[in-house]
Amino acid sequence: MKHALIINAHQFYEGISTGKLNQSVASIIQTELENCDYQVRQTRIEQGYDINAEVQSHLWADLIILQSPVYWFGMPWIYKKYVDEVFTAGMMQQSFLDGDGRTREDPSRQYGSGGKMFGKRYMLSLT
């Protein structure tokens, strides 16, 4: 079975943005993926999250989808915080990467080739 992680990065703003559109799109994505035999996990950042559980969800997922609004040409600050916390934890645990890829033994290995997240697919769904 294939695995998908949907990250809903909506941030509530009273009177401006309640998050209904982003939640609706995330729900539709989840339903469609489940119809295609995916096992789906969904993180709604605003409801809180466990950093280590999110690291494990990223490792578990074959497909990672970010559902997010775009505010002033950028992501909401809660998503930036999420990325800092989750990716730093994944780096410190050496589960996302192991060094930057370069070695003295193999000079053909370039900077940035040390990741461990090969074979995953990523998608941005932006409102």
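This section describes the overall architecture of the chain and then its aromatic contacts.

The model is predicted. The chain contains 3 helices and 4 strands, and these elements follow one another along the sequence in the pattern β-α-β-α-β-α-β. The C-alpha trace spans about 55 × 35 × 25 Å along its principal axes. Of the 127 residues in the chain, 38% are buried. Among contacts with a separation of 6 or more, 71% are between residues 24 or more positions apart.

The accessible surface of the chain amounts to about 8100 Å², and carbon and sulfur atoms account for 56% of that area. The chain carries 12 positive and 14 negative charges. The mean position of the positive charges and that of the negative charges are 3 Å apart.

A search of the whole structure for paired aromatic rings returned 4 pairs. In one of these, formed by Tyr79 and Tyr82, the ring centres are 6.1 Å apart and the planes meet at 20°. The pair is classed as stacked because this angle is under the 30 degrees set as the limit for stacking. Tyr79 and Tyr82 both belong to helix α3, which covers residues 77–92. The two residues are 3 positions apart in that helix, so about one helical turn separates them. Tyr79 has a relative accessible area of 16% and is therefore buried, the cut-off being under 20%. Tyr82, with a relative accessible area of 0%, is also buried.

A further aromatic pair, between Phe87 and Phe96, is edge-to-face. Here the centre-to-centre distance is 5.6 Å and the angle between the planes is 85°; edge-to-face geometry requires an angle over 60 degrees. The partners of this pair fall into separate classes of accessibility: Phe87 is partly exposed at 39% relative accessible area, whereas Phe96 counts as buried at 8%.

The stacked tyrosines also take part in a wider grouping, in which Tyr49, Tyr79 and Tyr82 form one aromatic cluster. Apart from pairing between rings, a contact between a charge and a ring involves Arg41 and Trp60. The charged end of Arg41 sits over the ring of Trp60, at 3.9 Å from the ring centre.

Key:
Residues are numbered from 1 along each chain as its sequence is written. This is a predicted model: local features need pLDDT of at least 70, side-chain atom pairs count only at pLDDT 80 or more; totals for chains, interfaces and linings use all residues. Side-chain values use heavy atoms; hydrogens and water are left out. Rings of Phe, Tyr and Trp (its six-membered ring) pair if their centres lie within 6.5 Å; planes under 30 degrees apart count as stacked, over 60 as edge-to-face and the rest as tilted. Buried means under 20% relative accessible area, exposed over 50%, partly exposed in between (1.4 Å probe, protein chains only). A charge sits over a ring if NZ of Lys or CZ of Arg is within 6 Å of the ring centre and within 35 degrees of the ring normal. Contact means heavy atoms within 4.5 Å. Accessible areas come from the Shrake-Rupley method with a 1.4 Å probe; for residues, only the protein chains shown count as cover. Lys and Arg count as positive and Asp and Glu as negative; His and the chain ends are not counted. The place of a charge is taken as NZ of Lys, CZ of Arg, CG of Asp or CD of Glu.
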